[in-house]
Amino acid sequence: MTKKRTLKKLILPLLMLLLFTATISVYAEGTTEEIVNSKNSINEKQKELNKIKAEQAEHEKKAKELKELKTDVSAYIGVLDDEIAKLEAELSDIALKISATETDIENLKRETERISSELDEQYNSMKLRIRYMYESSTDSKLRRVFESGSVSDFLNQVEYSQKLGEYDRRKLTDYENLLKEKEAVKQSLDSEIEILSAQKEELLKRQNTTEELKAGKEAELKDYEERLQKEENESSALSKDAEALLKAIKAEEANIARIEAEIKRREEEARKKAEAEGREYKPQSLGDIIFTWPCPSSSRITSEFGGREAPVKGASTTHKGIDIGAPSGEKVIAAADGEVVIATYSTSAGNYVMLSHGGNVYTVYMHMKSIAVSVGQSVSKGEKVGTVGSTGYSTGPHLHFGIRVNGDYVNPLNYVAP
């Protein structure tokens, strides 16, 4: 009776310890896979973040180049504006000179017309006087002799006639000289107008050329501004994407830290409980698992663990498992007892399954033709998980088998043999 009670006292704590340890193991298996998934997610996000940062750096580089080009073009447009302002001032000055010269020509024209009119009048008056004197020359002389009171009076009248003729001739000469002078001045002014007009035409050509050049530079500046805005918008959008990824990465890292802390807490709790019961606490580890060969139909290894040349584009050059060549459709089995944590398809691995064996130990089965299990399912060592195939990055039917411990892959041949 006493022996039974003693045995009962020994068995009960042992059962409780086993139950608690099993609970820790189950929790660890589930949370470890969650950690693995989070780490994979962080790696993918980090790659995407690096890509975004590289793109953002490229956009910022282009934006800087465009800003420098924009500054250069803006400065050149400023120079062109100064040149245009200078040309406009010169054109304005020439326009004033042309206007003043044209006014002088108009005034000279009116003066010439007046002088010409007076010349005509003087000439006509002289002709009348000459005609009159010619027609009445004889009678006039006799009349002046008889009508004169004295010889002196007669001589005075003759002298008057002579002086009148001289006056007419002198007046005509003065008018003719004045007309010649005015004509010379007009020719000079006409020549000045021609010179000023040629200068104006040349300045207009320079102004048109400068304005066309300015218009081209303004269009170039506008293009730079639009491209700069586009680059800045792209950089801003990428910056927001980067911020979102960083936030997501931090959330994943916080989740990993939370899970790892909980695992440690539970393991420490289990260890203390085991010590209180006088038992040694020993969690599941890789050395506790006895694996079986995952491909019963073949023991032919076509690619070993470690560095290698990529067999196909997209495949890794660091082989994280071993490849077992086998006919398509042959059975693939679980290498040890475990729980299915992944059963899906990916571009690189094709149809693949991941089993959790506890203690952060996992096995993977890739490139399968078909999958025979589902996530969350418990499988026994030797149970079928799929069939040999050539899906994903593959050169032919084979099984890629890998063992992962604490997030790192190890050489399967150190733990299992055909």
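# Close-up views of a predicted model

**Figure 1. One aromatic pair in the whole structure.** This predicted model holds one aromatic pair. The partners are Tyr365 and Phe401, in a tilted arrangement with 5.4 Å from centre to centre and 45° between the planes. That angle is why the pair gets the label "tilted": planes under 30 degrees apart would count as stacked, and over 60 as edge-to-face. The contact joins distant parts of the chain, with Tyr365 sitting in strand β8 (residues 361–368) and Phe401 in strand β12 (residues 398–405), 36 residues apart. Are these two rings buried or exposed? Tyr365 is buried, at 0% relative accessibility, and Phe401 is buried too, at 0%.

**Figure 2. The largest nonpolar core.** Zoom out from the ring pair and you land in a core of 28 residues, the largest nonpolar one. Phe291, Leu355, Tyr365, Leu399, Phe401 and Ile403 have the most contacts inside this core, so both members of the aromatic pair are on that list. Which strands supply at least two residues each? They are β4 (322–325), β7 (350–356), β8 and β12. Strand β12 gives the most, with four residues. A separate core lies apart from this one; it has 10 residues, including Ile94, Ile98, Ile105 and Ile193.

**Figure 3. Strand β12, covered on both faces.** How many of the eight residues of β12 are buried? The count is eight, so the strand is mostly covered by the under-20% cut-off for buried residues. His398, His400, Gly402 and Arg404 point one way from β12, while Leu399, Phe401, Ile403 and Val405 point the other way. Every one of these residues is buried, on either side of the strand. Of the second group, Leu399, Phe401 and Ile403 are also among the residues with the most contacts in the 28-residue core.

**Figure 4. The pairing partners of β12.** This view follows the bridges that β12 makes. With β4, strand β12 runs antiparallel, joined by four bridges; here Gly325 has His398 as its bridge partner. With β8, the pairing is again antiparallel, over six bridges, and Thr363 is matched with Ile403 of β12. Strand β13 (residues 408–410) pairs with β12 in the antiparallel sense as well, over three bridges, with Arg404 facing Tyr409 of β13 as its bridge partner. The hairpin of β12 and β13 has two residues between the strands, and Asn406 takes a positive phi there, near 50°.

**Figure 5. A positive phi at His367.** Staying with backbone angles, look at His367, a residue other than glycine whose phi is positive, near 65°. Most residues other than glycine have a negative phi. His367 lies in strand β8, and at 8% relative accessibility His367 counts as buried.

**Figure 6. A three-stranded open sheet.** Here the strand order is β5-β11-β9, and the pairing is antiparallel. Which strands stand at the edges? They are β5 (331–333) and β9 (370–371); each has a single partner strand, so one side of each lacks a neighbour in the sheet. Between β9 and strand β11 (residues 384–387), two antiparallel bridges are found. Ile371 has Gly386 of β11 as its bridge partner.

**Figure 7. Two salt bridges on the helices.** How many salt bridges does the count come to? There are two. In one of them, the side chains of Glu232 and Lys67 meet at 3.8 Å, N to O. This pair ties distant parts of the chain together: Glu232 is in helix α3 (residues 151–276) and Lys67 in helix α1, 165 residues apart. Glu232 is partly exposed at 32% relative accessibility, and Lys67 is partly exposed at 44%. In the other salt bridge, Arg227 and Asp223 have their closest N and O atoms 3.4 Å apart. Being four residues apart in helix α3, Arg227 and Asp223 are separated by about one helical turn. Both ends are partly exposed, with Arg227 at 41% and Asp223 at 35%.

**Figure 8. A nonpolar patch on the surface.** Last stop: Tyr76, Val79 and Leu213 form a nonpolar surface patch. Together the three residues have about 250 Å² of accessible area. Of these, Val79 is placed in helix α1 (residues 2–135).

Conventions. Residues are numbered from 1 along each chain as its sequence is written. This is a predicted model: local features need pLDDT of at least 70, side-chain atom pairs count only at pLDDT 80 or more; totals for chains, interfaces and linings use all residues. Side-chain values use heavy atoms; hydrogens and water are left out. Rings of Phe, Tyr and Trp (its six-membered ring) pair if their centres lie within 6.5 Å; planes under 30 degrees apart count as stacked, over 60 as edge-to-face and the rest as tilted. Buried means under 20% relative accessible area, exposed over 50%, partly exposed in between (1.4 Å probe, protein chains only). Patches are made of residues with over 30% relative accessible area and no salt bridge: like charges are joined within 9 Å, nonpolar side chains (Val, Leu, Ile, Met, Phe, Trp, Tyr) within 5 Å. Accessible areas come from the Shrake-Rupley method with a 1.4 Å probe; for residues, only the protein chains shown count as cover. A salt bridge is a side-chain nitrogen of Lys or Arg within 4 Å of a carboxyl oxygen of Asp or Glu. A nonpolar core is a set of buried Ala, Val, Leu, Ile, Met, Phe, Trp, Tyr and Cys residues joined through side-chain atoms within 4.5 Å. Two strands pair if DSSP finds at least two bridges between them.
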